[in-house]
Amino acid sequence: MNGKRTSGILLHISSLPGAYGIGTLGEEAYRFVDFLRRAGQTYWQILPVCPVGKGNSPYQSFSSFAGNAAFIDPAGLHRLGYLTEDELFAAKVSGDPTKVDFAAVGKARARLFATVYPRFIAAPPSDFEDFCREHADWLDDYALFMAIREHKGDLPLQNWETDIRAHRPKTVAMWRVKCAERVRYHQMLQYLFYRQWTALKDYANHSGVRIIGDLPIYVSADSADVWADAHLFELDADGQPSLVAGCPPDAFCEDGQLWGNPVYDWRAMHLGGYRWWLRRLAAGARLYDVIRIDHFRGFESYYTIPADAETARDGEWKKGPGMRLWRAVEKHLGHIPIIAEDLGFLTPAVHKLVKDSGFPGMKVLQFAFHPSGDSNYLPYRYDNNCVVYTGTHDNDTILGWADTADEAELAFAMDYLHATDRNSLRVNMMRAALASVADTCILTAQDVCGLGGEARMNTPSTVGDNWSWRLTADQLTPQAAEWLLTNTRLYGRTANKENVE
């Protein structure tokens, strides 16, 4: 990334506190930036900010380019004159402040945006049309995709009639006229999201905080991405996925992980000069300061599963584009700061791809404590060019892990980290990450706040309560900021010294 010792915190936008049922790009986001600055942190890492789809997962989105309209701050709309005080008050969502009620948030936002739209469109901002033109290469298709989907009662793309599912120009033109008003509505939402996002990112950058964003390797089958560029995916003659992505069985999941995303037709990508990926990475580079690419090993070889399979047991590995893609990126886009998520089943070829790319890989301390003592995730086995985490969004919190870990693993961790109880295990694991030789250390907000398994963000291969955890306003205490600042300084990671009060 920059070769300096730095650190940061992982906390998704949705997990911020606030009155509107889900975290937003408003006041609490700015307060979190201030917290990071006071705590001497360089990075704020988030999950994908795209609209959530199936299971409320940011890794199953209707678009890899669009922003999640639920993150638009209602108070910001009030300041622009689009909402009255009473309407702003009505936008609040009651309920458990530690969980996102996605259904309630969706209904509240629909009412809110229905109120805003006629006022917005009656006198659009002077730069609205410029925004629509600037982003037309994805916004035109996305806005129409969402408008058609709504018109069809939220029917997934795979269930549309053939002519429109196949994106045939005459049919698309007909629907564009038919849904013109809703197309403008979705363009408005993207304008509002991007304007609020840009203001927040500018504030963070001026505070010495850089944003690490997350880019999933795959896109959803039910997405504007697949609709607009179907020839780049492994689909059958009827436009349905023929092969889907996932992971083979392993120690964590005996049936493997069946993600369901369509896999890429890498031959078609190559013949097209990887233009789709160049567009996607260019958009990510504008949105974030650093891009974490999820499942980076899929660029070396990727696991494919028949679309009608019930588990991931009967899949097979196929070769990916390897360095051909990254050479094209370097040629056309120059240097983009990237973190390669290289977790999971790794082969020598995957290790070589990560090394050849020059991108830092990831180390997760919760994976380090196999009783054999030979894990590559133990800190003394790191090189400098990596990013160390205590855990990611797919891990339990440290305290939650301590409650469920194998007894032998836990005993090794307690011994290795000189821990005497669960809380000293939490503190010492964070200190071990900060003390390691990894150039970058990312801690989770849950671990900094000392939260247990109830604050876990996601349990892979499960559905239900995932992605809903939220921080409360009183959990990021001055004491937590002071602990972070002290230990960040102690281990030489306070890169933004001039911004620390």
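Two strands count as paired where DSSP finds at least two bridges between them. In this predicted model, β7 and β8 meet that requirement, with four bridges in the antiparallel sense. One of the residues involved is Y302, whose bridge partner in β8 is K318.

These two strands belong to an open sheet of four strands. Its order is β5-β4-β7-β8, and the pairing is antiparallel. The edges are formed by β5 (257–262) and β8 (316–319), each of which pairs on one side only. Neighbouring strands of this sheet are turned against each other by 45 degrees on average, direction ignored.

Strand β7 spans residues 301–306 and includes T304. T304 is buried, with a relative accessible area of 2%. Its contacts, leaving aside neighbours within four places in sequence, are L243, V244, V263, G315, E316 and K318. K318 thus appears twice in this region: it touches T304, and it is the bridge partner of Y302.

A second open sheet has eight strands. They are arranged in the order β9-β6-β3-β2-β1-β12-β11-β10, with parallel pairing. The edge positions are held by β9 (338–340) and β10 (361–364). Each of these has a single partner strand, so one side of each lacks a neighbour in the sheet. From one strand to the next, the twist averages 25 degrees.

Within this sheet, β3 (residues 210–215) is flanked by β2 and β6. Strand β2 (residues 43–45) runs parallel to β3 and is joined to it by three bridges. Here Y43 stands opposite R210. Four bridges join β3 to β6 (residues 290–293), again in parallel. On that side, L215 stands opposite I293. Five of the six residues of β3 are buried, so the strand is largely enclosed by the rest of the structure.

Elsewhere in the eight-stranded sheet, β11 (residues 386–389) pairs with β12 (residues 440–444). The two run parallel and share three bridges. V387 stands opposite T440 in β12. Helix α17 (residues 422–435) lies across β1 (6–10), β11 and β12. The helix runs at about 160 degrees to β12.

The cysteines were examined next. A search of the whole structure finds zero disulfides. A disulfide requires two cysteine sulfur atoms within 2.5 Å. For C50, the closest cysteine sulfur is that of C247, at 19 Å, which is too far for a bond. C50 is buried, with a relative accessible area of 7%. C386 is in no disulfide either; the nearest cysteine sulfur, in C441, is 10.0 Å away. C386 also counts as buried, at 2% relative accessibility.

Helix α14 (residues 348–357) contains L353. This leucine is buried, with a relative accessible area of 5%. Not counting residues up to four places away in sequence, L353 touches F296, F299, E300, G322, M323 and W326. One of these contacts, W326, is 27 residues away from L353 along the chain. The C-alpha atoms of L353 and W326 are separated by 9.8 Å.

Internal and open spaces were also mapped. The whole structure holds two cavities of 30 Å³ or more. The largest cavity contains about 140 Å³ of space. It is lined by 18 residues, and those closest to its centre are L10, H393, T444, Q446 and M457. Of these, L10 falls in β1 (6–10), and T444 falls in β12 (residues 440–444).

The second largest pocket holds about 760 Å³ of space. Its lining consists of 26 residues, with V52, F62, N68, G106 and M146 closest to the centre. The elements that contribute two or more residues to this lining are α4 (102–122), α6 (136–151) and α9 (180–206). The largest share, six residues, comes from α4.

Notes. Residues numbered from 1 in each chain as written. Predicted model: local features only at pLDDT ≥ 70, side-chain atom pairs only at ≥ 80, totals over all residues. Heavy atoms only, no water. Axes fitted to C-alpha atoms, helices over the stretch in contact; angles between N-to-C directions. Contact = heavy atoms within 4.5 Å. Buried < 20%, exposed > 50% of the residue type's maximum accessible area, 1.4 Å probe, protein only. 1 Å grid on protein atoms, 1.4 Å probe; cavity = no way out; pocket = protein on both sides within 12 Å on 5 of 7 lines; lining within 4 Å. Points joined across faces, edges and corners; volume = space filled by probe spheres on them.
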